[in-house]
Each structure stands twice: as structure tokens, then as C-alpha cells.
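Trainee: I would like to go through this structure and ask how each label on it is justified. Please set the values against the definitions as we go.

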Amino acid sequence: MKTPNRLLVGPDDAVNPRTAGFLGLQHVLAMDVYVPPIILAGLLAMSAAQQMSLLQATFLAAGIGTIIQTCWFMRIPISQGPSFVPLGAAAGIVLASGGVNHGGMGTLIGAMLVGSLVLIALGLTGVFHRIIAKLVPAIVGGTIITCVGLSLIPSALNSNIFEASGNINQNIILASITAVTLLVAISISIRFPRVQRLFRTGAIILSLLTGTLVATAMGRFDWKTVIQAPWFSFPQGTALNFGITFSPSAIITFIVIYAVLTTETTGTWFAMGAVINHQLTKNQWNRGLIGEGLSCFVSSILGATPVTGYSTNAGVISITGVASKRVFISAGIWFMILGFFSKLSAFLAAIPAPVIGGVFAIICVTIMLNGLNVIRRLDLGESSLYVIGLPIVLTLALVLLPATVTKESPQLVQYLLGSPIAVAAIAAILLNLCMPSDQQHSAALSSLD
């Protein structure tokens, strides 16, 4: 089978189980899936046991969602993971409804369940692809992809390196060593084609392993949490444990949040399509939204926050050149194993943030460049420059926006301010609709002549 440009292995190409397992683990390691549940557990003052349960539920939901999307719905390599967007609202709903142990989690689960059913209904009616076809042409899609990568870069640098726990100088050293290892591996693969598969496909695991070993030598790897974690357990914070409660205000809140998440995941699907050189069909858009809804439904039942498409994996494919769906199915299986194998999930969670950040920053750049690559193929006019440029400005503005401004805003506005990708996407869509087309501009100039 002919593989897409720049890929070593295409989406439908065969990969042996051992290689698929190795590369699937690489995708898992490159994703910061464990971060959102840890943040939410802190906001809700959860006990250590509750925190581990939430982490396990998140891994399980990510694994099931990844397999659902890759095998049956989107049918392209897609990995699901928890978004940062719903965390503030989720914590607010739980605390306002009695807290973790007094009905709050049941209210949160009920709101997430109804929101996920709305997504499924939109996909089943076929409305979603019509919206995409009308509102998101290539220039808007390329702009969204660019903004996806751009919005993640500050997080990779600040949250994972500059503002992460520990000595900042050590953080920078760890991130730099990890990033340099990745670049060396890629350079070797380019310079020596005979070892390209080894060094390009394994570049991320090699860099993370090197960074982790250096962190251990610095005393930055927390083995205590790994030793204390049980070997096997099942999440104890599911709908069976907390029950399900339906609150109109909580449900409305999460319908709004799902709308924002859908905008974000649309950017992820565009990014993945650009990386694997695949034009998404109208059926894929509709099936993808159904898969997204089912993933969030499973996540809700398990007691985790909504899982959505992760753009990180598009960057991983750009680096490794491997886009096989078998690898993503393997990643889903790894996530499910982590959901039960508590000690292994504790080990991954203990990898220092700067080590992840060193790889994550480069991955974000590759996503951004893929968006720019889509844009550069277009015949751009004067109006197009504003359709592309202003969303980029808005993305940077929201990333740099002081937290105090966000906190002082109304709740609905906070959800949008917390998602630069959603705001950039909305801005690109509106500008493309409102700005005069290049044909209209040329006709106006001709009339003046």
C-alpha cells in the first residue's frame, strides 16, 4: 500500500504486534493524560485513594475511547484523553452539590452523561458534517491547526518546565537533555537511512528514557509513590459508587462545555488529517462526533472527566513517521492496562514534568507547522491574511491573559477564555464569513477602474 508523504507507515499498513506495542506505549508516554485528574483531585481535596481511583478511571476512559474512535467511528489514528477545559466547572459543580462524598460527584456524572448524549444525537442526525462543510473550509482548518500547536507551546514550557515543581535550573537542564536527545535521534535517522526506522520511530521513548534516568540521578524521580501504590485495583469512583443525579444548571453548564470541547477536537481531527494526508469525509465527521459522545459517556460512567481527541498524537506521528491504526489500538490497550495496573500508572505519573515538557514542546511545534503547511498551499488574498492572522493573535492573547481577568469574568466567558483553541476557531470562522472574498475585492477594484 502506498503510504502518505513523509510517513514511514501509513494508517492501514501492517505493523507486527511487538512493534505496535512499543510504539503505542510511546504515544501514551508523550501524552500528559495523568495531569488533568491530578489537578481535579487537588481542587476537590480528594484523599490519596480517591486520587488514584480518578487517575485509573481516566486511563480506562482514554483507552476505551481511543479504541472506539480508531476502530469503529473516525477510523483514523485518534487517541482520546482528558481535557483541561472542564476542570474548573467540574470542581465547581461537585463543591456546590455537597462535595465528593455527599452527592457532588453524582451531580457531575449526571451532567456529563446528558452532555455526551447530546453529542451522540448531533452525530446521528448528520447535522455536524453540514456545519463543518459550511463553516470550516481549508483556510479555516489550517488556521485552527496552527492555533492548536501554538496554544500548547506556552503550556509545554511554563506548566512543564518554568513553573513546574522543583528547582527551575534543574527543570531547564532536564527538559534540555530530553529535547536534545530527541533531536539527536531524529538527526541520526535522517543522516543514516539504514537505521531510520529504529531512531525515528523510537525517538520519543529514547528521549523520555534518557530524561528519566538523568532525573533519577538528580534525585528528582519519586520512587516512594510507586512503591506505595498497590499492584492491581479497580476504580472506586464510578457511577455505581457515587450514583447519578440530574441537575438542570449543571447539565446546561456541561452542554456549553461540550460545545467548546467539540470545537477543540475538530481542530485535532483537522491536524491528524493534515499529518496523514487524509481528507475527512462527511460520514467521518458524523461518526467522529458519535464516537466522541460515546467516549465521554464511558468516561462519565467511570467517574472521570470527559475525554476528547488529543492533538499531541499528530505531533508524535510527524516525528516518528508511523501512523498505523494498530499502534493507536495498542495505545488504547496500554491505557486500559494502566487503569488496572496501579503501580505502573504510578510510575508514569512520577516521571518529572520537565522530562515530558522537553518532548512536548517539540511536538507542539510540529503540530503548528503542519497547520502552516496546509495554509501555504492555498492561494491567499488580502482578506485571507486577516482570517489567519487575527486568530493567531487571539490565541497568544488568551495564553498570556492574566488569571485574575479570567476569574473576574462570567462563568460562560471563563470557559471560552480557558480554551484559546475554541476562541481562535470561532474567530477564524466568523472572519471567513464576514470578510469580503478575494473575488469580491477584485470586483470592487475593477469597478473603480
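Mentor: Start with the word helix: a helix is a DSSP run of H or I with at least four residues, numbered from the N terminus. The model is a predicted one. T266 lies in helix α13, which covers residues 248-275.

Trainee: How many helices and strands are there in the protein?

Mentor: The protein has 23 helices and 2 strands.

Trainee: Why is T266 called buried?

Mentor: Buried means under 20% relative accessible area. T266 has 6% relative accessibility, so T266 counts as buried.

Trainee: What does T266 touch, not counting residues up to four places away in sequence?

Mentor: T266 touches F128, I132 and W285. A contact here means heavy atoms within 4.5 Å. As for G309, the C-alpha atoms of T266 and G309 are 8.4 Å apart in space, with the two positions 43 residues apart in sequence numbering.

Trainee: What makes the radius of gyration agree with that of a compact globule?

Mentor: For 449 residues, a compact globule would have a radius of gyration near 22 Å, and the protein has 22 Å, so the two agree. The C-alpha trace spans about 80 × 60 × 45 Å along its principal axes.

Trainee: What share of the residues is buried, and what share of the contacts with a separation of 6 or more joins residues 24 or more positions apart?

Mentor: Buried residues are 56% of the 449. Of the contacts with a separation of 6 or more, 85% are between residues 24 or more positions apart.

Trainee: Which atoms supply 67% of the exposed area?

Mentor: Carbon and sulfur atoms supply 67% of the exposed area, which is about 19,100 Å².

Trainee: How many side chains are positive and how many negative?

Mentor: There are 20 positive and 12 negative side chains, and the centres of the two sets lie 15 Å apart.

Trainee: How many disulfides does the structure hold?

Mentor: The structure holds 0 disulfides. C296 is in none, and its nearest cysteine sulfur, in C71, is 18 Å away. The cut-off for a disulfide is a pair of cysteine sulfur atoms within 2.5 Å.

Trainee: Why is C434 not bonded to C147?

Mentor: The sulfur of C147 is the closest cysteine sulfur to that of C434, but the distance is 17 Å, which is too far for a bond.

Trainee: Are C296 and C434 buried or exposed?

Mentor: C296 has a relative accessible area of 1% and is therefore buried. Exposed means over 50%, and C434, at 65% relative accessibility, counts as exposed.

Trainee: Where does S311 lie, and why is S311 called buried?

Mentor: S311 lies in the loop between β2 (307-309) and α15 (312-320). Its relative accessibility is 8%, so S311 counts as buried. Leaving out residues up to four places away in sequence, S311 touches V148, L152, T268 and I367.

Trainee: What is the phi of A45, and where does A45 lie?

Mentor: A45 has a positive phi of about 55°, although A45 is not a glycine. A45 lies in the loop between α2 (35-43) and α3 (48-72). With a relative accessible area of 68%, A45 is exposed.

Trainee: Why is R75 called partly exposed?

Mentor: Partly exposed is the range between the buried and exposed cut-offs, 20% and 50%. R75 has 43% relative accessibility, so R75 counts as partly exposed. R75 is found in the loop between α3 and β1 (80-82). Its phi is near 60°, a positive value in a residue other than glycine.

Trainee: How do you know that T181 is buried?

Mentor: T181 has 15% relative accessibility, so T181 counts as buried. T181 is found in helix α8, residues 168-191. Setting aside neighbours within four places in sequence, T181 is in contact with L206, S207 and T210.

Trainee: What makes L55 buried?

Mentor: The relative accessible area of L55 is 7%, so L55 is buried. L55 is found in helix α3. Not counting residues up to four places away in sequence, L55 touches Y34, P37 and A349. L55 and Y34 are 21 residues apart along the chain, and their C-alpha atoms are separated by 6.3 Å.

How values were computed
Residues are numbered from 1 along each chain as its sequence is written. This is a predicted model: local features need pLDDT of at least 70, side-chain atom pairs count only at pLDDT 80 or more; totals for chains, interfaces and linings use all residues. Side-chain values use heavy atoms; hydrogens and water are left out. The radius of gyration is taken over C-alpha atoms; the globule rule is 2.2 Å times the number of residues to the power 0.38. Buried means under 20% relative accessible area, exposed over 50%, partly exposed in between (1.4 Å probe, protein chains only). Accessible areas come from the Shrake-Rupley method with a 1.4 Å probe; for residues, only the protein chains shown count as cover. Lys and Arg count as positive and Asp and Glu as negative; His and the chain ends are not counted. The place of a charge is taken as NZ of Lys, CZ of Arg, CG of Asp or CD of Glu.
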